[in-house]
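Let's take a walk through a protein model together, going from its charged pairs to its greasy side. Have a look at the sequence and the fold before reading on.

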Amino acid sequence: MTLRVTFDTNVLDYACRPERYPKDPRDIGKIKRALENGDIEGFYSVTMLTIEGVMNRDRANVFGDTRIDIAEESVAPIDPMKIPQDVRERFGDAASGKRSGSR
């Protein structure tokens, strides 16, 4: 079973390019080897990239002024005839379980 690991920006570069950090006392190379061998599967959060993409000097203003609005959302089924024909052919008719095309 492959271990799934989420990397943050403090570790990502070390894990992908340990050769750039020859004086680092940790054996980060074994993480890169585990990624290459498929022993671990690495992920990187796009949200983290967005957050860390804000320059340090701007973080207090950006995050201090950020507000979250929560609103109720409703979901309704789509009339199958309103789905484009090429999409219906590729993914089939979910109601009948039939699939016309291939992925």
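A residue is called buried when its relative accessible area is under 20%, exposed when it is over 50%, and partly exposed in between. Keep that in mind, and keep in mind too that this is a predicted model.

Let's begin with Lys 32. Its relative accessible area is 23%, so Lys 32 falls into the partly exposed class. What does the side chain of Lys 32 meet in a salt bridge? One partner is Glu 19, with N and O 3.6 Å apart. Glu 19 sits in the loop between α1 (9-16) and α2 (29-37), while Lys 32 belongs to helix α2, so this pair ties together parts that are 13 residues apart in sequence. Glu 19 itself counts as exposed, because its relative accessibility is 52%.

Lys 32 also forms a salt bridge with Glu 36, and here the closest N and O atoms are 4.0 Å apart. This one stays inside a single helix: Lys 32 and Glu 36 are 4 residues apart in helix α2, which means that about one helical turn separates them. Glu 36 reaches 57% relative accessibility, so it counts as exposed. Elsewhere, Asp 13, Arg 17 and Arg 20 are joined into one network by salt bridges that share partners.

Now turn to Arg 26 and Asp 24. These two form a salt bridge as well, with their closest N and O atoms 2.8 Å apart. Is Asp 24 buried or exposed? At 19% relative accessibility, Asp 24 counts as buried, because the cut-off for that class is under 20%. Its partner Arg 26 has a relative accessible area of 47%, so Arg 26 is partly exposed. How many salt bridges does the count come to? The answer is 7, and the pairs you have just met, including Arg 26 with Asp 24, are among them.

Finally, leave the charges behind and look for something nonpolar. Ile 51, Val 62 and Phe 63 make up a nonpolar patch on the surface. Together, these residues offer about 230 Å² of accessible area. Val 62 can be found in helix α4, which covers residues 56-64. With a relative accessible area of 36%, Val 62 is partly exposed, because that value lies between the cut-offs of 20% and 50%.

Conventions. Residues numbered from 1 in each chain as written. Predicted model: local features only at pLDDT ≥ 70, side-chain atom pairs only at ≥ 80, totals over all residues. Heavy atoms only, no water. Patch = residues over 30% accessible without salt bridge, like charges linked within 9 Å, V, L, I, M, F, W, Y side chains within 5 Å. Areas by Shrake-Rupley, 256 points an atom, 1.4 Å probe, with all protein chains shown as cover. Helix = DSSP H or I, 4+ residues; strand = E, 2+ residues; numbered from the N terminus. Buried < 20%, exposed > 50% of the residue type's maximum accessible area, 1.4 Å probe, protein only.
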